[in-house]
There are 2 protein chains.
Amino acid sequence: MTIQLNQFLHSRKQIIENALPSYIEKLQAPHSLKAAMRYSLEAGGKRLRPILVLALLHTYKQSEDLGIATACAVEMIHTYSLIHDDLPCMDDDDLRRGKPTNHKVFGEALAVLAGDGLLTQSFSLIVNDQLLPADKKLRIVSELVNAAGAEGMVGGQVSDMEGEVKKLTLSELQSIHENKTAKLLGFSIISGAILAGAPEEDIDNLRKFAYHLGIAFQIRDDILDIEGNQMILGKPVGSDTINEKTTYPSILTMQGAKEKLNDHIDFAKEILNNLSVRSELLYQMCDLMANRDH
Amino acid sequence: MTIQLNQFLHSRKQIIENALPSYIEKLQAPHSLKAAMRYSLEAGGKRLRPILVLALLHTYKQSEDLGIATACAVEMIHTYSLIHDDLPCMDDDDLRRGKPTNHKVFGEALAVLAGDGLLTQSFSLIVNDQLLPADKKLRIVSELVNAAGAEGMVGGQVSDMEGEVKKLTLSELQSIHENKTAKLLGFSIISGAILAGAPEEDIDNLRKFAYHLGIAFQIRDDILDIEGNQMILGKPVGSDTINEKTTYPSILTMQGAKEKLNDHIDFAKEILNNLSVRSELLYQMCDLMANRDH
């Protein structure tokens, strides 16, 4: 990872984290609901999804201001999914990024509603964005539903739950992660490209790029659950093994999983060569996905 | 209630109930998720919110086809809210309209996700509606977020929960019901008017109309919880009294609540006189709200 990427990640994370609370604060809503929504939005994380939106605008040399609202919308969606995933009836997690999970602080009922609120509000950020023309807003909302809804993240979460109780094939595992993880990462990339006015051919290529990057992201997740450092990760390692969950290493061995990860990263980089612009930052993002330690 | 209204309610309920499953069936999503989403969508109910969308198009003599997708979207939002409200961490209800609640049939995790899926998908119905121009889609999505999100239904649900443990004033009670119930009923009316191309002055008036109609709806709900017939209602009566919940009758006495209900209905009807169209059907809807037995 070069200094340049580090600087980009650091500065854009700041921009996103400065912008996020404003969307909640201005709401005419119960104090407790806003507190619960803000708590999880402000609990940190890499902010990878919103940063990807800005990275695409940067790649196409467009003002990143165009992407702030959409970037915050995707972070709201990601955050709502974590709140609901952590609920006792789902993964029943007490800690997230080293802090008590939303329902541990605010109770289960408010956690459900904070998630519902973040999900609903995310659409408002896009449709009320004064910087965007109507056709782009509609296209982005449609992409967001596809990525986050029953055909994307929500569906992937259901398949993931159902997959926990059986041995999965590689293609079943891949399909789960495509829906659960890759599609929302893909939304960040596609929406950034749409906002930047990228050529349609580039958008098609970026959709394939996003798929490989998303699967690589998930393989790295599986690897980190075995080889990661608990302190750096901010969550316990080894839970997949304890839960006998099907993962890339469990199907392919650790060596095989690492090769698969590199394959997807290579595919992703190859696709970047076909874009109409130079995409140094996106290349570096690929390496980040392959080597990240948290 | 005249025959005419009954016929309208009956025939439009049929249209909505025929259309709803198609939006779920075409989804590329896990079978179990689609089954859980359909179960609650198809569990019956008055379909009042979608019918109101069509009633506005009817009032303005526009094709009701223009409203089918938006009508189904608001029914999906209403249905998701019922699924989440029924969860053990919320109202913990085992029965809804005489049938086991979603989590009783599909488990809590799938019920949470079915709700999330319905909420997300509802936006897709509007933005992908081929019959609507872009500006109307965006306006309707924005109205839907305001009605259903933190500033509307989700916020109202939080206030309602928090209000259960204390005595409320009439204005606190009114504010809760405005957010929890009236705004989504209002969305049906406003979106129907937007779809119909109603004059802006009418839309302003219909927003006030919707407020009075929504509060009247809720007062009638409180009255039915005391005077209603359990068989006709499809749910137990007396639960507000048992839970010592603040209701219109508990603040105003039964007689006072009935007067208040009539006041709101009178206000609503008065507003209808100022519309640019004759609105016989909406008058009849007012009487329905005042006298409904379920």
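Ile176(A) is in contact with Gly156(A), Ser159(A), Asp160(A) and Gly163(A), leaving aside neighbours within four places in sequence. The model is a predicted one, and Ile176(A) sits in helix α9 of chain A. With 24 C-beta neighbours inside 10 Å, Ile176(A) counts as buried. Met153(A) lies 23 residues away from Ile176(A) along the chain, and the C-alpha atoms of the two are separated by 9.0 Å.

## Helix α7 of chain A and its cover

Helix α9 (170–196) of chain A is also among the elements that cover the buried residues of α7(A). Helix α7(A) runs over residues 134–148 and has 15 residues. From the first C-alpha to the last, α7(A) reaches 21 Å, close to the 21 Å expected at 1.5 Å a residue.

The buried residues in α7(A) are Lys137(A), Leu138(A), Ile140(A), Val141(A), Glu143(A), Leu144(A), Val145(A), Asn146(A), Ala147(A) and Ala148(A). From chain A, the cover over these residues includes α4 (68–86), α6 (108–127) and α8 (153–163) in addition to α9. Chain B takes part as well, through α6 (108–127) and α7 (134–148) of that chain.

## Where the two chains meet

The contact between the chains involves 42 residues of chain A and 42 residues of chain B. On the side of chain A that touches chain B, the elements giving two or more residues are α2 (31–41), α6, α7 and α8 of chain A. The most comes from α6(A), with 13 residues. By class, this side of chain A divides into 23 nonpolar, 13 polar and 6 charged residues.

## Helix α6 in each chain

Helix α6(A) is mostly covered, with 18 of its 20 residues buried. In chain B, α6(B) is mostly covered too, with 19 of its 20 residues buried. The spans can be checked against the residue counts. At 1.5 Å a residue, the 20 residues of α6(A) should span 28 Å, and the end C-alpha atoms of α6(A) are 30 Å apart, which agrees. For α6(B), the 20 residues should likewise span 28 Å, and the end C-alpha atoms are 30 Å apart, in agreement.

## Two helix pairs

Which residues of α3(A) meet α14(A)? They are Ala55(A), His58(A) and Thr59(A), and their partners in α14(A) are Leu281(A), Leu282(A) and Met285(A). This contact has 4 nonpolar, 2 polar and no charged residues. The axes of α3(A), residues 48–59, and α14(A), residues 280–291, come within 8 Å and cross at roughly 145°.

In chain B, the axes of α4(B), residues 68–86, and α6(B) come within 8 Å and cross at roughly 160°. That angle makes α4(B) roughly antiparallel to α6(B), and α4(B) passes α6(B) in a left-handed crossing. The residues of α4(B) in this contact are Ala69(B), Thr70(B), Cys72(B), Ala73(B), Met76(B), Ile77(B), Thr79(B), Tyr80(B), Ile83(B) and His84(B). On α6(B), the residues are Ala111(B), Ala114(B), Gly115(B), Leu118(B), Leu119(B), Gln121(B), Ser122(B), Leu125(B) and Ile126(B). The contact of α4(B) with α6(B) divides into 13 nonpolar, 6 polar and no charged residues.

## Two arginines with positive phi

The table lists two residues of chain A by phi, place and surroundings.

| Residue | Phi | Place | C-beta atoms within 10 Å |
|---|---|---|---|
| Arg47(A) | about 60° | loop between α2 and α3 of chain A | 22 other C-beta atoms within 10 Å |
| Arg97(A) | about 50° | loop between β1 (95–96) and β2 (99–100) of chain A | 15 other C-beta atoms within 10 Å |

Arg47(A) has its positive phi although it is not a glycine, and the same holds for Arg97(A). Is each of them buried or partly exposed? Arg47(A) is buried, whereas Arg97(A) is partly exposed.

## Ala290 of chain B

Ala290(B) is found in helix α14 of chain B, residues 280–291. Ala290(B) counts as buried because it has 21 C-beta neighbours inside 10 Å. Not counting residues up to four places away in sequence, Ala290(B) touches Ala216(B), Arg220(B), Leu261(B), Asn262(B) and Ile265(B). Ala290(B) and Gly197(B) are 93 residues apart in sequence, and 28 Å apart in space from C-alpha to C-alpha.

Conventions:
Residues numbered from 1 in each chain as written. Chains lettered and ligands numbered in written order. Predicted model: local features only at pLDDT ≥ 70, side-chain atom pairs only at ≥ 80, totals over all residues. Helix = DSSP H or I, 4+ residues; strand = E, 2+ residues; numbered from the N terminus. Expected span 1.5 Å × (residues − 1). Buried ≥ 20, exposed ≤ 12 C-beta atoms within 10 Å, placed from the backbone. Contact = placed C-beta atoms within 7 Å. Nonpolar A, V, L, I, M, F, W, Y, C, P; charged D, E, K, R; others polar. Axes fitted to C-alpha atoms, helices over the stretch in contact; angles between N-to-C directions. Parallel < 35°, antiparallel > 145°, perpendicular 65-115°, else oblique. Left-handed = near helix turned anticlockwise from the far one by under 90°.
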